[in-house]
Amino acid sequence: MRTALVILAAGMGSRMNSDLPKVLHEVAGLPLIGHAMRAGAALSPERTVVVTGHGAEAVEAMVTRLNPEAVCVRQKEQLGTGHAVDQARDALAGFHGTVIVLYGDTPFVSAGTLEQLVAQRRQADVAVLGFEAQEPARYGRLVTEGDALTRIVEAKDATEAELAISLCNSGVIAAGCETLFDLISKLDRNNEGQEYYLTDVVGLANARGLRATYVTCDETETMGVNDRTQLAQAEGVFQRRARRVAMLGGVTLAEPDSVYFSHDTDIARDVWVGPNVVFGPGVQIAQGARIEAFSHLEGCEVGPRANIGPFARLRPGAQLSQGTKIGNFVEIKNATIADGAKVNHLSYVGDASVGEAANIGAGTIICNYDGVMKHRTEIGARAFVGSNTLLVAPVKMGAESMTGSGTVVTKDIPDGALAIGRAETKIKPGFTRKFMQLLRAKKKLKEDR
């Protein structure tokens, strides 16, 4: 069935108490609107329309970044959900198929649930997504007769008997395009909120002899985010799901509750992850890698059987081949580390390439920034970088070359060569004893005054 999406993202979100539009707040590194768009994208919609309002420019910029083909339309006045959907009318002109209405602040509706909704829509003119609520007080109620949905009533407009219903409205709805906009055109504002309720299309459909029905999902799928507390709850929901998926996929999490995944973390089987590891966006971990405790990774690729951490940081552009070792308090940024190379401790490697089986000693710093430009450093295969070496980019170390500890490298080192650039050590016999005696004498003289 041909489908199109209308995603409502015009609300102010005043309870977030933020200058940032509500739908741009993130869960697992992805804005709320991105989660909604990703769920809908699983249906391969022919068109995606996002209705914006508060913070429209910022929201539209994010929507375009996530899906350049999406169309944004603005709701200039906040006159309710029915009015919001109506703003998509022109953008869907000429479309003949099912329109699914989603919400930019509801991140967890699954692709499977949406597929069920579309399948149910094939049997009816209008299909609504509902859920059994543990605490239904504030939700609209679905009034049903068997598998038929007769109407939806908002909680503030409901009778006492209707408030006793536990089957609640998620707001997600699917209907034929022509039918949807025809019904919307008949909406009025004769309700307590003085708004055009999208939910009223169900009653209108039944009044016209059309068939409305519903499907249900788990309540967590319908979770909306309206304040920072709910944002934290949503993060918790995502992380619990992601940890379970990872472990069922063959990943060992030594302390699952302390590991945090991004929305796009790609982690293979037989990976071991220690406590308090954070995966930022854009991380790929190959089979058999080991990520030790308190490491932070983002925008990087970790090869097979690589060993990272503890207390390592991999920044965007870090590419580690198989069998590499990145040790404690090491930072890697925009650098490739070839097979078997080691950067074991207390080092910074940025804008560089490190050759196969090279060894980077403790305290090595690649000086890649001159205050204006970034410069690259190349370290050859099987090179040995002595502890406390400074490599002032741009510079090259040849294959099997070496630096002495404490060297400042400012020019290229040929293959197999040794570079030493430190001051000569001078020994002065007996100096320390005489010097300390002099200091003690000065101290005593000061105390006697």
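A salt bridge here is a side-chain nitrogen of Lys or Arg within 4 Å of a carboxyl oxygen of Asp or Glu. With that in hand, look at Arg89 and Asp86 in this predicted model: their closest N and O atoms are 2.7 Å apart, and the two form a salt bridge. Neither partner is tucked away. Arg89 is partly exposed at 31% relative accessibility, and Asp86 is partly exposed too, at 26%.

By the same rule, the count for the model comes to 16 salt bridges. Another of them joins the side chains of Arg313 and Glu298, at 3.4 Å from N to O. This pair ties together distant parts of the chain, 15 residues apart: Arg313 belongs to strand β21, while Glu298 sits in the loop between β18 (296-297) and β19 (301-302). Arg313 is partly exposed, with 36% relative accessibility.

Now compare that with Asp351 and Lys333, whose side chains meet in a salt bridge at 2.6 Å, N to O. Here the link runs between two strands, with Asp351 in β26 (residues 348-354) and Lys333 in β24 (residues 331-337), 18 residues apart. Are these two buried or exposed? Both Asp351 and Lys333 are buried, which means that each has under 20% relative accessible area. Salt bridges can also join up into something bigger than a pair: Asp182, Lys186 and Arg208 are linked in a network of them.

Let's move to the helices. Helix α1 (residues 32-41) packs against helix α2 (residues 56-66) at an angle of about 40°, and their axes are 10 Å apart. The two helices are therefore oblique to each other, and α1 passes α2 in a right-handed crossing. How many of the residues of α1 are buried? The number is 8 of the 10, so α1 is largely enclosed by the rest of the structure. The buried residues include Leu32, Ile33, Met37 and His35, along with the glycines Gly34 and Gly40.

Helix α9 (residues 431-448) brings us back to the surface, with Met436 as one of its residues. Met436 helps make a nonpolar surface patch of about 440 Å², together with Phe431, Phe435, Leu438 and Leu439. Met436 itself is partly exposed, with a relative accessible area of 33%. That value clears the bar for joining a patch, because patch residues need over 30%.

The backbone has some quirks worth a stop. Most residues other than glycine have a negative phi, and most peptide bonds are trans. Against that background, Phe329 has a positive phi, near 55°. You'll find Phe329 in the loop between β23 (325-328) and β24, partly exposed at 48% relative accessible area. Arg382 does something similar, with a positive phi near 60°; its place is the loop between β29 (377-379) and β30 (384-385), and Arg382 is partly exposed at 43%.

Then there are the cis peptide bonds. One runs from Gly309 to Pro310, with omega near 5°, and Pro310 lies in the loop between β20 (307-308) and β21. Another goes from Ala393 to Pro394, with omega near 0°, and puts us in the loop between β31 (390-392) and β32 (395-397), where Pro394 lies.

One last proline is Pro316, in the loop between β21 (313-314) and β22 (319-320). Pro316 is partly exposed at 43% relative accessibility. Pro316 and Cys300 are 16 residues apart in sequence, but their C-alpha atoms are 5.4 Å apart in space.

Key: Residues are numbered from 1 along each chain as its sequence is written. This is a predicted model: local features need pLDDT of at least 70, side-chain atom pairs count only at pLDDT 80 or more; totals for chains, interfaces and linings use all residues. Side-chain values use heavy atoms; hydrogens and water are left out. Patches are made of residues with over 30% relative accessible area and no salt bridge: like charges are joined within 9 Å, nonpolar side chains (Val, Leu, Ile, Met, Phe, Trp, Tyr) within 5 Å. Accessible areas come from the Shrake-Rupley method with a 1.4 Å probe; for residues, only the protein chains shown count as cover. Helices (H or I, at least four residues) and strands (E, at least two) are DSSP runs, numbered from the N terminus. Buried means under 20% relative accessible area, exposed over 50%, partly exposed in between (1.4 Å probe, protein chains only). Axes are lines fitted to C-alpha atoms, for helices over the stretch in contact, and angles run from 0 to 180 degrees between N-to-C directions. Angles under 35 degrees count as roughly parallel, over 145 as roughly antiparallel, 65 to 115 as roughly perpendicular and the rest as oblique. A crossing is left-handed if the near helix is turned anticlockwise from the far one by less than a right angle, and right-handed if clockwise.
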